[in-house]
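Take a moment to turn the structure around before reading on. We will go from the overall layout to the sheet, and from there to a helix and the core.

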Amino acid sequence: MDNLLNRIKKDYPELSIKNGKKFTFRPPKTIIIGPSEPKMELLLLHELGHALLHHEDYKTHVDRLKMESDAWEKAKELSLKYDVEFDDDLMQTELDTYRDWLYKKSRCPICGLTRFQTPDFKYHCPRCELLLNKK
Ligand SMILES: [Zn+2]
Ligand SMILES: [Zn+2]
């Protein structure tokens, strides 16, 4: 891991890499490294993926999922460059947690139906808003 970290620091001197509670990318140029774990090299490459793709705000939740899968695709590329073994299962598990999160976020707290987002990022429930409009 130290070896990988040193190579990344050398290749991307513009990035600031710090230790923290969990793996995160903080736009525009900060990568936070979480606690030691078996897959930490891939998690680091994933956060590097966000940085190299210039991901900024997580505007809509749907875009967030797209950003996550793009960052994983980038991590896959980087894993070849840095000789880190890529793990598709890890990628799928990580993406699933975003899918679950997205699903929970999008559920209507009143009726449980899946809501949709308008361009202003507000959620709307097709059922409850219809009922409101009828009143
Ligand atoms: Zn990510
Ligand atoms: Zn509803």
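Two strands are said to pair if DSSP finds at least two bridges between them. With that in hand, and remembering that this is a predicted model, look for an open sheet of three strands in the order β1-β3-β2, with mixed pairing. Its edge strands are β1 (16-19) and β2 (24-26), each of which pairs on one side only. From one strand to the next, the twist averages 25°.

How do the two pairings differ in direction? Strands β1 and β3 (residues 30-33) run parallel and are joined by four bridges, while β2 and β3 run antiparallel and are joined by three bridges. You can find the parallel pairing by locating S16, whose bridge partner in β3 is T30, and then K18, which stands opposite I32 in β3. On the antiparallel side, T24 has I32 as its bridge partner in β3. Here β2 and β3 form a hairpin, with three residues between them.

Now stay in β3 and pick out I33, which has its place in this strand. Is I33 buried or exposed? With 19 C-beta neighbours inside 10 Å, I33 counts as partly exposed, because a residue needs 20 or more to be buried. Leaving aside neighbours within four places in sequence, I33 is in contact with I17, K18, N19, G20, F23 and L44. One of these is worth tracing in the viewer: I17 is 16 residues from I33 in sequence, yet the two C-alpha atoms are 7.2 Å apart in space.

L44 takes us on to helix α2, where L44 is among the buried residues. Ten of the 13 residues of α2 are buried, so this helix is largely enclosed by the rest of the structure. The buried set is E41, L42, L44, L45, H46, E47, L48, G49, H50 and A51. The length of α2 can be checked too: at 1.5 Å a residue, its 13 residues should span 18 Å, and the end C-alpha atoms are 18 Å apart, which agrees. After α2 comes H54, with a positive phi near 55°.

Which residues make up the largest nonpolar core? There are twelve: F25, I31, L42, L44, L45, L48, A51, M67, A71, W72, A75 and L78. Helices α2 (40-52) and α3 (61-81) each supply at least two residues of this core. For a closer look at one member, take L42, which touches A75, S79, V84, F86, D87 and L90, not counting residues up to four places away in sequence.

Finally, step back to the whole chain. It holds five helices and five strands, and from the N terminus on the elements run α-β-β-β-α-α-α-β-β-α. The radius of gyration is 18 Å, well over the 14 Å that the globule rule gives for 135 residues, so the chain is more spread out than a compact globule. Along its principal axes, the C-alpha trace spans about 65 × 30 × 25 Å. Of the 135 residues, 16% count as buried. Among contacts between residues at least 6 apart in sequence, 41% join residues at least 24 apart.

How values were computed
Residues numbered from 1 in each chain as written. Chains lettered and ligands numbered in written order. Predicted model: local features only at pLDDT ≥ 70, side-chain atom pairs only at ≥ 80, totals over all residues. Rg over C-alpha atoms; globule rule 2.2 N^0.38 Å. Contact = placed C-beta atoms within 7 Å. Axes fitted to C-alpha atoms, helices over the stretch in contact; angles between N-to-C directions. Core = buried A, V, L, I, M, F, W, Y, C linked by C-beta atoms within 7 Å. Expected span 1.5 Å × (residues − 1).
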